[in-house]
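Me: I'm new to reading protein models and would like a close look at just one part of this one. Could you walk me through how a pair of helices packs together, and then what sits around that pair?

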Amino acid sequence: MQHKLKGNMAAGISVKHGLLRSKSSMIYTLHRKIAPKSVFIHRASEIQSVRASTNATVDSQQNEKYCLDMVRSRDYEGFLSCLLVPEEVRRSALALRAFNVELAQVKDSVSQKTIGLMRMQFWKTAIEEIYRDDPPNQPVSTELWRAVRSHSLTKRWLLRIITEREKDMEDRAYRNLQELEKYSENTQSSLLYLLLECLGVKNVHADHAASHIGKAQGIVTCLRATPYHSSRRKVYLPMDICMLHGASQEDFIRGSREQNIRDVVYDIASQAHVHLQHVALEDYLQRVRKADFDVFHKSLQNRNPLLPIQLYLRSWKNTY
């Protein structure tokens, strides 16, 4: 009886162990079938995430380089100025300068006014999308969106630059010096207001200085571009001053270096002096004076090789 009971118990234990082994085997088999797939999915997800992050970083670096190269080639003095701002705002400063270059080159890069207006409309729409955190997939737009988010830039200044550049598509000379100053205020000064926001400067005196510098910058840019525009049979210098000295548009197109042409340049350059002098502007104004206000003089067509050093010294001394 005891022997039989022990046999039954042994058989029960054997069956139990068999069931446990069978259950363990099933769990192990199930684990082998399921686990690799879930691990694969998890690892694939991680890899995709890393790749997306890497691609985003690469795209960001490419966008930054795009803006830097554009400003360096199209706005060399602006490029040098960007190198002197604190590193934490340099990228935003370059984005703003690149945005300005994009708009400035529209007029000369299109053959029809309609195409130019379409480009301006693209930028108006882009600004609205930037402030909705949905910028167009374009390097300057993306960098500008980053600057707007980083420094809470004022939309009004950006739109004012576009609107004024759009008006300038009319392709005519300024009626008077005041019209040139207004254009300069709405473009160059607005850009400076945005750069001040990047630097965190909120000061009425700084804004006042930026207004003067912007106007002077616009006047100097108009003078400096005269030989280039004249070569394309276009003259944008204020008509009232040209008429005052009996200088016709054809005189500029021919590259005349007569005294009445120099008098026009003198009056316009003098108005730039009335505003505020910035080192980059002062450099050109001094050189045009040395050339006896001959706007077509060869010395005015070359960059000043000492300008980077002069800018650095002014920055180091905190003098402008």
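Reply: Let's start with helix α5, which covers residues 113-130, and helix α7, which covers residues 155-167: their axes come within 10 Å and cross at roughly 175°. Keep in mind that this is a predicted model. Which way do the two helices run relative to each other? An angle over 145 degrees counts as roughly antiparallel, so that is the label α5 and α7 get.

Now find the side of each helix that takes part. From α5 you have Leu117, Met120, Trp123, Lys124, Ile127 and Glu128. Across from them, α7 brings Lys155, Leu158, Leu159, Ile162, Thr163, Arg165 and Glu166. Sorted by class, this contact of α5 with α7 has seven nonpolar, five charged and one polar residue. Try picking out each class in the picture as you go.

Two of those names are handy for stepping to the next helix. Leu144 lies in helix α6, residues 139-151, and among the residues Leu144 touches are Ile127 and Leu158. Both also turn up in the meeting of α5 with α7, Ile127 from α5 and Leu158 from α7. Leu144 touches Ala95, Leu96, Phe99 and Ile130 as well, leaving aside residues up to four places away in sequence. Is Leu144 buried or exposed? Its relative accessible area is 0%, and buried means under 20%, so Leu144 is buried. Leu144 also gives you a feel for how the fold brings separate stretches together: Leu94 is 50 residues apart from Leu144 in sequence, yet their C-alpha atoms are 9.1 Å apart in space.

Next, look at the rings. Trp123, which you met on the α5 side of the contact, forms one aromatic cluster with Phe99 and Phe122. Phe99 should ring a bell too, as one of the residues that Leu144 touches. Searching the whole structure turns up six aromatic pairs. One of them is Tyr174 with Tyr183, 5.7 Å centre to centre with 45° between the planes, which makes the pair tilted. Both Tyr174 and Tyr183 are buried.

Rings can have charges over them as well. Go back to Lys155, one of the α7 residues that meet α5. Lys155 lies over the face of Tyr131, at 5.4 Å from the ring centre. Arg156 does something similar with Trp157: Arg156 lies over the face of that ring, at 4.3 Å from the ring centre.

Let's zoom out to the chain. It has 15 helices and zero strands. Of its 320 residues, 41% count as buried. Contacts between residues 24 or more positions apart make up 66% of those with a separation of 6 or more.

A few residues further along show that kind of separation. Asp292 is in the loop between α14 (279-290) and α15 (307-317). At 42% relative accessibility, Asp292 counts as partly exposed. Its phi is positive, about 55°, although Asp292 is not a glycine. Asp292 and Val265 are 27 residues apart in sequence, with their C-alpha atoms 9.5 Å apart in space. Gln259 and Asp292 are 33 residues apart in sequence, and there the C-alpha to C-alpha distance is 9.5 Å. Gln259 is found in helix α13, residues 259-274, and counts as partly exposed at 47% relative accessibility.

Arg224 gives you another long jump. It is found in helix α9, residues 204-224, and Arg224 is partly exposed, with a relative accessible area of 32%. Along the sequence, Arg224 and Gln301 are 77 residues apart; in space they are 8.0 Å apart, C-alpha to C-alpha.

One last stop is Arg233, in the loop between α10 (226-231) and α11 (239-244). Arg233 has a positive phi of about 60°, and it is not a glycine either. With a relative accessible area of 57%, Arg233 is exposed.

So if you go back to where we began, you can see α5 and α7 roughly antiparallel to each other, with Leu144 of α6 touching Ile127 and Leu158.

Definitions and conventions:
Residues are numbered from 1 along each chain as its sequence is written. This is a predicted model: local features need pLDDT of at least 70, side-chain atom pairs count only at pLDDT 80 or more; totals for chains, interfaces and linings use all residues. Side-chain values use heavy atoms; hydrogens and water are left out. Axes are lines fitted to C-alpha atoms, for helices over the stretch in contact, and angles run from 0 to 180 degrees between N-to-C directions. Helices (H or I, at least four residues) and strands (E, at least two) are DSSP runs, numbered from the N terminus. Angles under 35 degrees count as roughly parallel, over 145 as roughly antiparallel, 65 to 115 as roughly perpendicular and the rest as oblique. Contact means heavy atoms within 4.5 Å. Ala, Val, Leu, Ile, Met, Phe, Trp, Tyr, Cys and Pro count as nonpolar, Asp, Glu, Lys and Arg as charged, and the others, Gly among them, as polar. Rings of Phe, Tyr and Trp (its six-membered ring) pair if their centres lie within 6.5 Å; planes under 30 degrees apart count as stacked, over 60 as edge-to-face and the rest as tilted. Buried means under 20% relative accessible area, exposed over 50%, partly exposed in between (1.4 Å probe, protein chains only). A charge sits over a ring if NZ of Lys or CZ of Arg is within 6 Å of the ring centre and within 35 degrees of the ring normal.
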